[in-house]
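Reader: I am new to this structure and would like a close look at one part, the place where the two domains of a chain meet. Please also set that part in its wider surroundings.

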2 protein chains.
Amino acid sequence: MPKISNKSASMPSSAIRKLVPVSDAAEAAGVKVYHLNVGAPDIKSPKCALDAVVDKCRESVNVSYTNSAGLIELRRGMVEKYYRKIGIDIDVSEILIDVAGSEAFSVAMQIAADAGDEIIVVEPFYTNYNTFAMLYGITLKAVHTDIREGFALKSIDEFEKVVTPRTRAVLISNPCNPSGKLFTKEEMLALGEFCLRHDLFLISDEVYREFCYTDEPHFSAMNIPGMEQNVILVDSVSKRYNLCGSRIGCIVSHNKDVMAAALKFAQSRLCPPRLGQYAALGALDTPQSYFDEVKAEYIRRRDCVTEALNKMPGVFAPVPYGAFYVVAEIPVDDAGKFAAWLLTDFRMDNSTVMITPATSFYGTKGITNQIRLAYVLEVPELQKAMKIFAEALRQYPGRTI
Amino acid sequence: MPKISNKSASMPSSAIRKLVPVSDAAEAAGVKVYHLNVGAPDIKSPKCALDAVVDKCRESVNVSYTNSAGLIELRRGMVEKYYRKIGIDIDVSEILIDVAGSEAFSVAMQIAADAGDEIIVVEPFYTNYNTFAMLYGITLKAVHTDIREGFALKSIDEFEKVVTPRTRAVLISNPCNPSGKLFTKEEMLALGEFCLRHDLFLISDEVYREFCYTDEPHFSAMNIPGMEQNVILVDSVSKRYNLCGSRIGCIVSHNKDVMAAALKFAQSRLCPPRLGQYAALGALDTPQSYFDEVKAEYIRRRDCVTEALNKMPGVFAPVPYGAFYVVAEIPVDDAGKFAAWLLTDFRMDNSTVMITPATSFYGTKGITNQIRLAYVLEVPELQKAMKIFAEALRQYPGRTI
């Protein structure tokens with residue numbers, strides 16, 4: 001019997017999804033599981049997005065390939081109806097439609113770095129950065145941000161400490177998954193200077209841009225002066241319009257070499273999904289009121305969760321100003337064991353909660369007492385989930401207080 | 001200004017798509033271009049596929065993620081309504097939905113081989129095999145099939161000559177893109193024996209399975225006795241149901257390690273497109289009459305093209321028994337130059353044809369007098385295209401007869 005490759009054998013399972021079979025088993029046994037483990041929002045997609053798919057399917061006879069770079073009307077629409085409106089000035093040739101943010105950052109990493117090269121990443125970070133780095137032989141060098149400092153960017157000295165001749169890029173998500181940290185204009189400018197000094201790409205994953213809970217507008221890496229040739233923007237319609245399943249994202253850059261390379265990657269997989277592109281095209285007409293309502297809803301949810309968490313003995317959770325995640329320090333021996341125990345052992349009114357241990361969001365070893373919660377349920381559900389969570393912390397045999 | 005990676009800089013442009021800008025320029029100047037260059041059929045998708053998308057969008061409020069392995073009802077439906085019917089007996093756990101055939105064979109290659117390993121491929125082959133091999137550091141070793149022998153599989157001795165301790169798999173497409181060769185049961189059994197003898201995976205790309213023009217049924221690699229742990233089947237709904245833009249394919253194997261690895265790759269990109277999965281789900285109810293009509297139409301097209309080609313002086317084109325491509329030997333100095341000349345210089349009634357030079361379908365160097373034509377237009381269009389092509393061959397300055 002032939003053996004599978006070492007690469008695929010040693011590839012990590014998704015930290016976020018690997019407890020799914022355990023959760024499935026609990027649910028099959030009739031247990032109600034509150035899913036705070038994955039950023040899959042319950043919010044409605046804009047009606048105009050679904051209507052566009054229906055209309056296009058009614059008038060089409062064939063779901064044919066699109067251009068590898070995506071439908072030209074979608075690229076143009078995104079430039080004119082979305083990016084221009086939010087102050088990101090790009091040409092149609094500077095945007096390419098990808099199969100969701102996942103493909104966009106996977107390609108961006110490969111454009112920036114060869115096998116053996118290094119990318120500096122701000123931790124905690126989205127675990128799939130690590131998965132793709134491993135697949136492509138790229139080494140991630142983590143620069144730590146601390147939960148006790150609200151995940152603020154450290155002094156640029158911390159970046160200087162890890163930069164080497166093999167460093168090719170800095171990778172950051174803003175607002176950050178998992179920490180919910182919204183990096184400020186000042187932080188981004190400092191990072192830009194560092195990248196310019198060392199001639200590095202800055203891969204900026206801004207898929208949560210519409211989820212910022214401060215009065216200041218989001219500051220995109222695309223607007224760091226002098227960084228036109230350095231920035232590769234990774235974006236997605238998944239979160240912005242609650243169209244996660246449409247699998248439409250994009251890669252944006254003023255750098256012509258980057259866009260030419262992105263097109264070659266795009267051609268190798270022929271085209272992005274046509275039906276999802278229809279949804280994205282329709283979504284461009286989403287009224288501002290939709291975003292306002294969604295944002296207000298997330299602020300209520302965030303407040304519900306962080307207030308509840310910070311009342312629990314030994315729990316510390318900085319208030320997130322972006323995305324829809326919160327990372328919390330909790331008084332347990334091992335967050336991974338605790339997450340599994342919640343699904344296998346703990347029940348309150350025949351219910352439990354599913355959470356994600358934050359260990360794999362760090363390059364730094366030994367951070368075993370943090371978890372990530374996605375506040376993607378309605379407030380009454382979140383309230384119940386927080387009650388269950390508090391009780392679980394009281395009962396967990398491995399509690400440290 | 002930071003430099004892009006060597007990998008992305010040296011990545012080949014799609015041989016099939018790289019003349020697109022030249023063709024766009026001709027069309028912008030008012031020239032009618034007959035596109036025989038790409039396998040993008042003009043055939044209608046089954047109505048049930050489009051209807052399913054409309055129905056699901058009407059009753060949905062959110063285009064959310066699906067399971068990374070795809071919708072369970074789609075996997076089940078494919079097992080029961082499609083594979084069982086054609087004599088491929090698999091369990092739901094042995095199929096995983098991928099983002100089209102492209103992702104499926106890209107993942108299959110990575111599951112079979114590490115960087116530095118080798119995969120034997122039957123040439124001529126689909127060029128993106130080469131693109132992905134290059135991206136993953138895998139070396140393709142080509143075993144030649146000859147146009148003058150109707151692209152029949154050579155003696156297994158030819159495979160024995162190229163196998164090394166680093167060989168991990170054999171990769172074949174059947175029916176073959178680009179040659180249109182339909183490999184027989186005997187050929188596949190011989191290949192199976194070879195794989196078993198050397199403990200190799202057999203990656204069988206069968207996306208053109210429904211396009212076979214003989215009375216014998218297609219013989220799937222899944223039905224080679226004793227090869228249960230060796231075969232990785234790559235499949236797609238793109239061609240079968242004329243749903244190229246839906247981007248839905250699958251990877252199928254009885255090998256549990258292969259399927260576990262495929263799931264990890266699937267998790268890294270979260271999920272396949274939900275709307276495309278709806279189309280695929282609807283397509284499962286496509287009546288047999290649809291396939292019969294499509295097949296009859298392709299036989300008419302094939303006959304139109306191959307008869308016309310073989311009447312042209314110095315042209316040789318074996319009749320293809322599968323897929324919707326024909327590879328032809330033509331009397332020119334360089335098929336690449338000829339293909340470009342057609343778009344830049346040649347006009348007949350202000351029209352021209354676009355074709356694909358076959359050079360990049362070969363690992364063997366120096367095959368510069370072959371082209372691939374996709375017979376994806378209606379017969380009257382194909383007749384006009386063939387007239388133009390014949391005239392172009394007469395006028396081309398680099399003709400060799």
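Author: What follows begins with the domains, goes on to the sheet at their contact, and ends with the backbone of the other chain and the relation between the two copies.

The model is a predicted one, and the description below should be read with that in mind. Chain A is divided into domain 1, which is made of residues 6-44 together with 289-395, and domain 2, which covers residues 47-283. Taken over C-alpha atoms, the centres of domain 1 and domain 2 of chain A are separated by 25 Å. To the contact between them, domain 1 of chain A brings 35 residues, while domain 2 of chain A brings 29 residues. On the side of domain 1 of chain A that touches domain 2 of chain A, the elements α11 (288-311), β9 and β12 of chain A each supply at least two residues, and α11(A) gives the most, with five residues. Sorted by class, this side of domain 1 of chain A has 22 nonpolar, seven polar and six charged residues.

Two of the elements just named, β9 and β12 of chain A, also belong to an open sheet, in which three strands follow one another in the order β9-β12-β11 with antiparallel pairing. The edges of this sheet are β9 (325-329) and β11 (356-357) of chain A, each of which pairs on one side only. In general, the strands of a sheet pair through backbone hydrogen bonds, and they do so either parallel or antiparallel. Between β9(A) and strand β12 of chain A, which spans residues 370-374, there are five bridges, and these two strands run antiparallel. One particular pairing can be followed in the model, since a position in β9(A) can be matched with its partner: Val327(A) has Arg372(A), in β12(A), as its bridge partner.

Turning to chain B, some backbone details deserve attention. As a general rule, most residues other than glycine have a negative phi, and most peptide bonds are trans. Glu123(B) and Pro124(B), however, are joined by a cis peptide bond with omega about 0°, and Pro124(B) is found in the loop between β3 (118-123) and α6 (127-135) of chain B. A cis peptide bond also joins Asn177(B) and Pro178(B), with omega about 20°, and here Pro178(B) is found in the loop between β5 (167-173) and α8 (185-198) of chain B.

A positive phi, near 60°, is found at Phe151(B), a residue other than glycine, in the loop between β4 (139-144) and α7 (156-162) of chain B. Phe151(B) counts as buried because 23 other C-beta atoms lie within 10 Å, where 20 or more are required. Asn350(B) likewise has a positive phi near 60°, and Asn350(B) is found in the loop between α12 (335-344) and β10 (351-354) of chain B. Asn350(B) is exposed, because 10 other C-beta atoms lie within 10 Å and the limit for that class is 12 or fewer.

Finally, the two chains can be set side by side. Chain A is superposed on chain B by a rotation of 180° with 0.0 Å of shift along its axis, at an RMSD of 0.0 Å, and this is therefore the relation of a two-fold axis. Within chain A, the C-alpha nearest the axis is that of Val54(A), which lies 2.5 Å from it. The same surface serves both copies, as 100% of the contact residues of chain A recur in chain B.

Methods:
Residues numbered from 1 in each chain as written. Chains lettered and ligands numbered in written order. Predicted model: local features only at pLDDT ≥ 70, side-chain atom pairs only at ≥ 80, totals over all residues. Pairing = 2+ DSSP bridges. Helix = DSSP H or I, 4+ residues; strand = E, 2+ residues; numbered from the N terminus. Domains from an automatic or database assignment. Contact = placed C-beta atoms within 7 Å. Nonpolar A, V, L, I, M, F, W, Y, C, P; charged D, E, K, R; others polar. Least-squares fit on C-alpha atoms with pLDDT ≥ 70 in both.
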